[in-house]
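Here's a quick briefing to read alongside the model. Have the structure open while you go through it.

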Amino acid sequence: MRTVCLLVLLSSSLTVAQPARTAVDSVIVTGRVRNLSAQLYRESPTVLVSRNNILQASRELVRPAPLNVDGTFRVSLPLIYPQEELYFTYGRISTAFLAAPGTLSIELNADSLFTADVPFRFGGVNAQVNQQFARFKAFEASFSGKPNPAKLSEQVSGKQDEAVYRQVATAFQAPFRAFSTKEKPFPLLTRWVGWSNRYNAASFLYDKAGYEEATLAKSLNDSLRPPDDQLLTAARATAMNRFGTYATSLSTGRTTNGLPVDALASLLLRYGRNLTQTERTRLQSYQTTNSAKASDLRFFQDLVKRSSDTIQRLATYETMIRRSKSQFDSASVSYLTAYWLAYSLPTLTLDFAKLLYAYARPQITDPQLGQSLDELYALEVKDSVRIRAAVQAFRKAGDKLDGTELSPGVFVTKNDLPAGGALFDRIVGTNRGKVVYVLMTTATEEAGQQAALDAQRLRARYRSRDLALVYVPVPGTDPSLWIEFSTKHNLAGDHLLLTGEQLPELMERLRPDDSLSATVINRVGKIVKRNAPLPGAYEEVGKVIDKQL
C-alpha cells in the first residue's frame with residue numbers, strides 16, 4: 001500500500017544553496033499518416049506522443065499533435081535522460097519508440113493500419129533500432145512462451161531472493177532471446193529490451209516483498225537498481241516507483257526514537273511561528289548541544305503546536321529519510337528524497353507545496369531527478385493565479401456558501417449549521433428533474449483523484465438537463481485542498497463540503513461500502529442505486545444512468 005508521506009530531501013544542513021538547473025534537451029517528432037481519408041481524419045484528427053517521469057510512473061506526460069490535412073504532424077518534447085522510451089498513439093494504434101535529442105520521424109499508411117504487422121516506418125534518431133523494436137513487438141505478440149506472472153509466483157515460492165530474481169529475469173527475457181535467433185539485434189535494442197526485462201523482474205520482487213512483508217537481500221541492490229543507468233523506460237519508472245512503495249513500507253513499519261534534538265530545533269528555528277528572541281536563543285542552544293532534559297519537552301510541544309501541521313509533516317519526512325539512510329545506498333536515498341515529495345504534491349495545497357518544494361529542492365543534487373521533480377512541480381502549480389482566486393473567494397465567503405460558483409462550472413455548498421442531510425437535500429432539490437450522480441471521494445488519494453476526473457467524462461456524455469454531478473469530498477483535510485483540486489481540473493458540478501460532524505447523517509442515508517463510492521438518484525429525488533459503479537467503469541455506470549432517463 002502506498003503511504004502518503006510528505007516532503008523531500010534534507011541533508012545535515014537546511015540552508016544549502018539551490019543547485020543550478022541543467023538545460024533540458026528535446027526531441028522533435030515529425031511524421032505523416034499517408035492516404036488519410038476524410039472519415040479517418042474526422043475520427044482521429046490528432047496523434048499523441050507521451051513520455052514517462054521516473055518519479056510518477058502512473059502519469060504519462062502527453063503532447064497532442066494535430067494532423068494537417070495532408071496527414072503530417074510535428075511535436076517537440078523535452079528529454080531529461082539521454083535516451084527515453086516514448087509512446088506514439090493514433091486512434092487504436094500505438095507503439096513505443098526510443099528517443100534521443102534531435103529529430104525523429106514516424107510514418108503510417110492509413111490503408112494498412114489494422115492489417116500490417118508493423119504499420120510504422122521510422123526515420124531520424126534511432127531509426128534502425130526503433131524499426132527493429134517494432135518487429136520484435138510483432139514477434140512477441142505471437143510468441144507462445146511469454147511469462148505468466150501468476151505461474152511465476154508459484155514457481156519461485158520458497159526460494160531465496162537471488163534465485164527468484166534470476167528465474168524471473170530469465171523468464172521475462174525469453175521472447176527477446178527467441179527473437180534474437182531469427183534476427184541479430186542492434187546493441188542498443190539489446191540494452192533497451194534487456195534492461196526493461198530486468199526492471200520488470202525488479203517490480204516482481206518488490207511486489208513479492210511487499211505482499212510477504214519481507215526485506216530484500218542487499219546483495220540484489222545493483223540488479224534491482226542498476227547504477228548510472230541513462231535510459232528511461234516505462235519498466236524502469238514502474239520499478240523505481242515500486243521501490244519507493246517498498247522503502248516507504250520499511251520506513252513506516254518500524255519503531256524509531258524520533259528526531260534528534262538538534263534536527264527538531266533546526267526545523268523550529270526555520271519554520272516555527274511567532275518565535276520570541278528568547279525562544280530562538282534557547283533553540284540555538286539545543287541545536288548546538290544536541291541535548292535536552294525531560295523537563296524541556298513542554299517547551300518543544302508548545303512550539304510545535306503553533307505550526308503543528310508544517311512541523312509534524314517535516315519531522316515525518318526527516319525521520320523517513322534518516323531511516324532510509326541506514327537501509328539503502330546514497331543513490332537510492334536520493335531517489336526516495338525526490339519520490340516522496342513528488343508523490344505528495346497532488347495532496348498538498350499550493351502554499352504548502354511551495355514551502356516543501358523550496359525546502360527540499362536544493363538538497364536534490366542528482367540533475368535528472370531534480371529535473372524530473374521540477375517537471376512535476378510545474379504541473380501541480382500551473383494556473384496558480386486562477387486557483388488562488390478561487391481559494392480566496394472560498395475563504396472570504398466564510399462558513400456559508402449556497403451553490404456559489406468559485407470557478408466556471410464549480411458550484412460549492414458549505415454551511416456548518418444545518419445537518420448534512422439537509423444540505424444534501426437542498427442540492428438534490430435544485431437538480432430535480434435530472435438524474436443525479438453522487439461521488440463521495442477525496443483529493444488526498446490517487447484513486448479518489450482519478451475517480452473525480454473520470455466523472456467529468458460522464459458529465460460530457462449527457463446533456464446538462466439530464467444529468468447532474470455532485471461531488472462530496474470526505475472531510476478530514478483542509479477544505480481548501482479540494483477547492484484547489486476542483487478548480488485546477490475544472491471539475492464542473494456541485495460540490496458539497498461537509499464537516500466531520502455533518503457527514504455521518506449523509507453516510508447513514510447513502511450507506512457506502514467505502515469512502516470512495518457512488519450513488520445514483522433518479523429524476524424525482526429517490527436513491528435508485530447505492531454503491532453504484534465508479535466513473536472509471538464508464539460503460540457500466542452509463543447503463544445505470546440510462547435506465548433512469
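Before we get to the pockets, a word on terms: helices are DSSP runs of H or I of at least four residues, strands are runs of E of at least two, and both are numbered from the N terminus. Keep in mind that this is a predicted model. The notes below take in one sheet and two pockets.

**The sheet**
- Four strands make up an open sheet with mixed pairing, and the order runs 4-1-7-8.
- Strand 4 (72–79) and strand 8 (120–124) sit at the edges with a single partner strand each, so each has one side without a neighbour in the sheet.
- Going from one strand to the next, the twist averages 20°.
- Strand 1 (residues 25–34) runs parallel to its partner, strand 7 (residues 102–109), and the two are joined over eight bridges.
- If you want one of those contacts to look at, find R34, whose bridge partner in strand 7 is N109.
- Helix 2 (residues 127–141) packs on the sheet and touches both strand 7 and strand 8. The direction of helix 2 makes about 165° with that of strand 8.

**The largest pocket**
- The largest pocket holds about 910 Å³ of space.
- It has 38 lining residues, and Q56, R59, P346, E380 and H489 are the closest to its centre.
- Two strands and some helices each give two or more residues to this lining: strand 3 (61–66) and strand 4, plus helix 13 (350–360), helix 14 (367–381), helix 17 (446–461) and helix 18 (479–488).
- By residue type, the lining of the largest pocket splits into 17 nonpolar, nine polar and 12 charged.

**The second largest pocket**
- This one comes in at a volume of about 520 Å³.
- The second largest pocket has 23 lining residues, with D309, R313, T347, L348 and T349 nearest its centre.
- At least two lining residues come from each of helix 11 (308–325), helix 13, helix 15 (384–397) and helix 18.
- Which helix supplies the largest share of this lining? That's helix 13, with four residues.
- The lining of the second largest pocket is made of nine nonpolar, five polar and nine charged residues.
- Domain 3 (261–382) and domain 4 (386–547) each put at least three residues into the lining of the second largest pocket.

**Shared elements**
- Helix 13 and helix 18 turn up in both linings, that of the largest pocket and that of the second largest pocket.
- Strand 4, an edge strand of the sheet, is also among the elements lining the largest pocket.

Key:
Residues numbered from 1 in each chain as written. Predicted model: local features only at pLDDT ≥ 70, side-chain atom pairs only at ≥ 80, totals over all residues. Heavy atoms only, no water. Pairing = 2+ DSSP bridges. Axes fitted to C-alpha atoms, helices over the stretch in contact; angles between N-to-C directions. Contact = heavy atoms within 4.5 Å. 1 Å grid on protein atoms, 1.4 Å probe; cavity = no way out; pocket = protein on both sides within 12 Å on 5 of 7 lines; lining within 4 Å. Points joined across faces, edges and corners; volume = space filled by probe spheres on them. Nonpolar A, V, L, I, M, F, W, Y, C, P; charged D, E, K, R; others polar. Domains from an automatic or database assignment.
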